[in-house]
Amino acid sequence: MKNKFYIAFIFFLFTSLTAFAQRGKRGGEEMSEQLKAMRVAMITQNLNLSSDEAAKFFPIYNEFSEKRESIKRQLKDNRKGSRNLTGSALEASFKKSFELREQEVALEKLYFEKFKTVISVEKIRELYHTERQFRRMLLKELANRGGHRLPDDDEDDH
């Protein structure tokens with residue numbers, strides 16, 4: 001069952017990327033919404049969520065995702081801004097990165113507790129696995145199309 005879902009997902013992703021890439025910025029916004037919908041579908045499928053669980057889970061998950069993305073954007077901006085820094089400015093950039101990572105861990109701990117109120121810990125494990133799977137599939141598809149490179153290992157160092 002999951003294999004059929006992934007085949008359909010990859011086919012849909014491939015056709016969507018092609019269509020949205022031709023539309024420019026507006027296509028980017030549509031693509032973002034489409035990717036969110038595909039991620040929700042994949043999570044619902046892999047976690048085998050009932051309609052009641054999904055109705056309770058996704059508002060919490062969406063809130064978590066938005067906050068996590070905000071932290072990741074700040075980390076990315078901080079990393080980009082630190083490339084030409086030296087001395088105390090570079091040290092401050094490292095400290096900012098450490099603080100952001102601590103915020104990310106605190107956020108994950110907080111939402112782990114919130115997720116437990118609506119789904120089992122086994123489903124939370126599957127959620128994290130599904131998120132990694134989704135991200136790998138997306139990056140692989142983008143890399144195959146030449147539109148995106150896979151992240152370097154050293155990008156996560158700072």
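These legends walk through several close-up views of a predicted model.

**Figure 1. The whole chain is a run of five helices.** Welcome to the overall view, a good place to get your bearings. The chain has zero strands beside its five helices, and from the N terminus on its elements read α-α-α-α-α. Of the 158 residues in the chain, 34% are buried. Among contacts with a separation of 6 or more, 68% join residues 24 or more positions apart. The chain exposes about 10,300 Å², and carbon and sulfur atoms supply 54% of that area.

**Figure 2. Phe57, Tyr61, Phe115 and Ile119 touch the most other members of the largest nonpolar core.** This core has 19 residues. Helices H2, H3, H4 and H5 (121-144) each bring at least two residues to it. H3 gives the most, with eight residues. To find your way around, start from Phe115: leaving out residues up to four places away in sequence, Phe115 touches Phe57, Ile60, Tyr61, Phe64, Ile124, Leu127 and Tyr128. A second, separate core has seven residues, among them Met31, Met38, Phe134 and Leu138.

**Figure 3. Phe57 and Phe115 form one of the 10 aromatic pairs in the structure.** The two rings are tilted, with 45° between their planes and 5.4 Å from centre to centre. Phe57 belongs to helix H3 and Phe115 to helix H4 (residues 87-116), so this pair ties together parts that are 58 residues apart in sequence. Both Phe57 and Phe115 are buried. Step back a little, and the pair turns out to have company: ring pairs join Phe57, Phe58, Tyr61, Phe64, Tyr111 and Phe115 into a cluster.

**Figure 4. Phe94 and Phe98 form a tilted aromatic pair.** Here the ring centres are 6.2 Å apart and the planes make an angle of 35°. Both residues sit in helix H4, four residues apart, which is about one turn of the helix. Are these two rings buried or partly exposed? Phe94 has a relative accessible area of 31% and is partly exposed. Phe98 also counts as partly exposed, at 42% relative accessibility.

**Figure 5. Glu33 and Lys36 meet in a salt bridge within helix H2.** Some background helps with this view and the next two: side chains of opposite charge can pair when their charged atoms come close. The count for the structure comes to nine salt bridges. In this one, the distance from N to O is 3.8 Å. Glu33 and Lys36 are three residues apart in H2 (residues 25-47), about one turn of the helix. Lys36 is partly exposed, with a relative accessible area of 41%.

**Figure 6. Lys56 and Asp52 are joined by a salt bridge in helix H3.** The closest N and O atoms of the two residues are 3.4 Å apart. Where do the partners sit along the helix? Lys56 and Asp52 are four residues apart in H3 (residues 51-81), so about one helical turn separates them. Lys56 has a relative accessible area of 46%, which makes it partly exposed. Asp52, at 45% relative accessibility, counts as partly exposed too.

**Figure 7. Glu63, Lys67 and Lys114 are linked in a network of salt bridges.** Look at the bridge between Glu63 and Lys67, where the closest N and O atoms are 4.0 Å apart. Glu63 and Lys67 both belong to helix H3, four residues apart, about one turn of the helix. Glu63 is partly exposed at a relative accessible area of 36%, and Lys67 is partly exposed at 40%.

**Figure 8. Arg68 is a buried residue of helix H3.** Why does Arg68 count as buried? Its relative accessibility is 9%, and buried means under 20%. Which residues does Arg68 contact, leaving aside its neighbours within four places in sequence? Arg68 is in contact with Tyr61, Glu104, Leu107 and Glu131. Tyr61 may look familiar from earlier views, as it is part of the ring cluster and of the largest nonpolar core.

Technical notes: Residues numbered from 1 in each chain as written. Predicted model: local features only at pLDDT ≥ 70, side-chain atom pairs only at ≥ 80, totals over all residues. Heavy atoms only, no water. Salt bridge = Lys/Arg side-chain N within 4 Å of Asp/Glu carboxyl O. Buried < 20%, exposed > 50% of the residue type's maximum accessible area, 1.4 Å probe, protein only. Phe/Tyr/Trp six-rings, centres within 6.5 Å; stacked < 30°, edge-to-face > 60°. Core = buried A, V, L, I, M, F, W, Y, C linked by side-chain atoms within 4.5 Å. Contact = heavy atoms within 4.5 Å. Areas by Shrake-Rupley, 256 points an atom, 1.4 Å probe, with all protein chains shown as cover.
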